[in-house]
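Here is a note on the two-chain model under discussion, set out as numbered points. Please read it with the coordinates open.

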Amino acid sequence: MDRRLWREPSFDFVAKVLQINWIYVVLLCCLAGVGYVALYSAAGGSPEPYAARHAMRFAFGLVIMLAIGLVDIRIIQKLAWPAWLGCVGLLVLVLRMGHMGKGAQRWLDLGGLQLQPSEMMKLALVLALASWFHRASWERMGNPLFLIPPLIAVLIPVGLILKEPNLGTAAITAMLGGAIFFAAGVRWWKFLLVVLPIPLLGQFAYTHLHDYQRARIDTFMHPESDPLGAGYNIIQSKIALGSGGMWGKGFLQGTQGHLDFLPEKQTDFIFTMIGEEFGLVGGLAVMGLLTLIIIGGMLIALRCRHQFGRLVALGVSCNFFLYVFVNIAMVMGVIPVGGVPLPLVSHGGSAMLTVMVGFGILMSVHVHRDVEFAALRDDR
Amino acid sequence: MRRDAERTGVFTRRALLLMGGQVAVLGALSARLYQVQVEDGARYTTLANENRISARMIAPPRGRILDRFGAVIAGSSTNWRAVLVAEQANNVPATLDAFSVLLPLNEYERARIDRELHRRRKFIPVLIREFLTWDEMAAIEVNAPDLPGIVVDAGTSREYPLGDKLAHIVGYVAPPNESDVADDPLLGLPGLRLGRAGMEKYHDLGLRGRAGSVQLEVNAVGRVIRELDRLEGVQGEDVGLTLDAGLQQSVLTTLADESASAVVMDCRNGEVLAMATNPSFDPSVFNSGVSQAQWLEWTKDRRTPLINKATSGLYAPGSTFKMAVALAGLESGALSPGDHIGCPGYLDLGDTRFHCWRKGGHGTLDLRGGLKNSCDVFFYEVARRTGIDKIAAMANRLGMGVELELDLPGQRSGLIPTREWRMAKGHPWNVGDTIVSGIGQGYIQVTPLQLATYASRIASGRMVQPHLTRKLAGALQPGSEPEDWPVLGMPEKLLHAVREGMWAVVNEPGGTAPLARLADPGVQLAGKTGSAQVRRVSRELRESGHFDSQKLPWEYRPHALFVAYAPYDAPRYALAVVIEHGNAGAAAAAPMAHDIMTEVLKRDPANRTEPPGAQVAEARP
């Protein structure tokens, strides 16, 4: 069974390229195209300074994604735990010498390239958990002791990210871990054990939050109480969306965005920009595209014939879904503002690269959906 | 492989469950999007428009005030101001310090500037200093590199080319206070001034004009992106006064240094041609704010420069009141034009003796003689016969003791006493009160404007009302024609008897006012002198023979009055002169009346509608 990849006659380079899910690639290109259009408008009808760089970054990301897509999934599996370890190391590093940004240490400045280790951490966590559960049979999943190492693998990064502090990403990371635990077959009642004490934990956490985090939650609850202060973003975003109406104000005609009423329109509030200029129709179209990408990722997971691939594809899709949900819910005032960009649409290099690396791994799962891993250890 | 199949089954079920959850969440977000964008769309659209459109007002230029020939009495001039645009200054305190070196800013100014800088957005200019002189502007421009953020711009300020000559009539403008702003948002515009007194106040709404507005598209910090719509304002309308500015200056020259007032009216239609009050003040001072020292100087001056004596100065009319007494007597029948009354120099009433001004008396006199000699006893007797209430009614009808329909704020109505008035004060009316009222003393108080109106009504026989507004926005106002005014309703014969007496005062030998006689024998002036005591003269002093009002301290000397009209045979101009503490009407007021009337007749403003020199100007190519 121990066949070397490059000796597999049916699996040469050309065959692999043909195996790439090109429809999925087109969907991603469409989403990046939406981003280009929105950023063109955000710059007041100019490719500079956002849209052109966005396109270049996406092109670069696409190459990375396709390259990763061709890497054997079994090699990726072998890299899972080292990647996890590396990311935890980076998180520790960021706490020690991270660049201060908006009252929290999140960014690592590596000679001009800004890294947000918490984003990479989520991918590494997906890989590590998938790798762990890949070996587990249904019976073994029932053994609580077996669940302790992966739980620790989730809690360490979540704790580190909380300490940055970055509440939103920590919550997303925890939910991502939960999704993989769930898909891997952890028993239902164990989830109840975790979910039930959350209200209590929430109250405890609220009293220990940083002022700016508490302010976010407070203004989310009552945005109109402080229209020019912390509630400003949410109100202006809703005004922009609402004034867009059914058909929108037209490309480059959005007043809220162009007159700077909309804060951070090129990053966090890019969806608002789209909603204002293209209306409900445009907003729903983008939502539809995002839904297709999420479902496509889930379908890749379902079609995969090995557990590692299934869990990885599911994890990447869930990660993307959580991004989309947090961002769009935020701009519509459904959840507190969280500083989460809309992947492939918002302006920002580091996030784009991480997302494309994730899609590369997803593509690798798709390309190598039928490869055989070494047999499950406990089957022997 | 069975175990693997079981595991795959669990995964598939749970993955599908997750997928369903994700789709449901995205569906819920879509529903929320529909709610925000379509259901609440209208509300948010309104909010978005409010966000981006900022309506700003443009201050209209304030209307001018002109004299009857179009000479500018109040206009606008350029006001050079230094303003600070905070965002253009690297270091605001440093800029202000540098500015202070050139033009010192006191603590109060610094505090105001700091307050405004703090309150306003960084790109909105804050006023540092107004009314820059040429030298100050040069100093700022030369040092511009050291003053980043300081900009000199041009505003407007109110200018009064005739300065103190017309201050009491024109009034002045001053910055509005907060309650004014609440009434009209236009007043909130920087640099806008509000009429605070005089014509500026009376015609303020018209002079103000209508504000224009610009609809500006602004961004989140209020910076203007572009102009969407502009509605030009309407310039304040010009107000044309009945005054002749040249005559006004000439009258003031005649009044010289006296604390005095003179009013010249067109007696046929009530147009006020000159209304001079001396001393006066410079109204443009109010534009920039009055200093404490200046204010104290004005309010402590016993010659009251801030008070418009013509409309608010109250004086006993003295002998000038005698025509009203005569007319009351004539109309009631208590006196007929042919009646003779003897004057032994006094009139006894019970144990009280009322003296005539001439010791020894005038002998027997008719009405004409009584007026000509200004015999007090004659009018004591006429008043006694007529009774106070009829005298008061006549005085009111002739314009005294009532509020006139003058279009100038701050007018006082004076007082003509009646029995009722006295009873309301808690005292019965005495015949003695009637007797002193007969020579315009006692409780009677009138203004110079009322005296001029009184003279006008006697001269024209019409109930003219004095007025100052002749044209609004170029349109002649009603009241310019004699026919606009009702007649007095008194037999011409009675009026003639009084006019004849007034003629004799000036033109007959032995009259009290020969000094008012005009040089041109073809044009004659009719008038009446008056000297109003401000302090009762005791009998001992009077009988000691040493009484000489010239030796009294200034404030105890009698007021000197004169009322007149001319030409006698075709009355056109009426005049009243009041010189505070001028001693004797005949000696002090009559010569001034002569000078003023001579000038009036020379200029003849009522018959001249074109500005002097205008025809020459129009004839030029």
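**Notes on the model**

1. B:Pro567 sits in the loop that joins strand 20 (559–566) to strand 21 (573–579) of chain B, where helices (H or I, at least four residues) and strands (E, at least two) are DSSP runs numbered from the N terminus. The peptide bond leading into this proline from B:Ala566 is cis, with omega near -15°. A second cis bond runs from A:Glu48 to A:Pro49, with omega near 0°, and A:Pro49 belongs to the loop between helix 2 (22–42) and helix 3 (51–69) of chain A.

2. On conventions, residues are numbered from 1 along each chain as its sequence is written, and chains are lettered from A and ligands numbered from 1 in the order in which they are written. The model is predicted, so that local features need pLDDT of at least 70 and side-chain atom pairs count only at pLDDT 80 or more, whereas totals for chains, interfaces and linings use all residues.

3. Chain B comprises 24 helices and 21 strands. Of its 621 residues, 42% count as buried, a residue being buried if 20 or more other C-beta atoms lie within 10 Å of its own, exposed if 12 or fewer, and partly exposed in between, with C-beta atoms placed from the backbone. Among contacts in chain B with a separation of 6 or more, 75% link residues 24 or more positions apart; two residues are in contact if their C-beta atoms, placed from the backbone, lie within 7 Å.

4. The largest nonpolar core (a set of buried Ala, Val, Leu, Ile, Met, Phe, Trp, Tyr and Cys residues joined through C-beta atoms within 7 Å) has 119 residues, and those with the most contacts inside it include B:Ala262, B:Val264 and B:Leu575. Its largest share, nine residues, is supplied by helix 23 of chain B. B:Leu575 touches, among others, B:Ala262, B:Val264, B:Ala455, B:Ala593 and B:Ile596, leaving aside residues up to four places away in sequence.

5. How many residues of helix 10 (residues 245–255) of chain B are buried? Eight of the 11 are, so this helix is largely enclosed by the rest of the structure; among them are B:Leu247, B:Val251 and B:Leu255. Their cover includes strand 3 (72–84), strand 11 (260–266), strand 12 (272–278) and helix 23 (585–603) of chain B.

6. Two residues deserve a look for their backbone angles. B:Ala256, in the loop between helix 10 and strand 11 of chain B, has a positive phi of about 50° although it is not a glycine, and it is exposed, with 10 other C-beta atoms within 10 Å. B:Thr304, in the loop between helix 12 (292–300) and helix 13 (309–312) of chain B, has phi near 45° and is partly exposed, with 17 other C-beta atoms within 10 Å.

7. At the interface, 35 residues of chain B are in contact with 43 residues of chain A. On the chain B side, the largest share, 22 residues, comes from helix 1 of chain B. By class, that side has 18 nonpolar, eight polar and nine charged residues, where Ala, Val, Leu, Ile, Met, Phe, Trp, Tyr, Cys and Pro count as nonpolar, Asp, Glu, Lys and Arg as charged, and the others, Gly among them, as polar.
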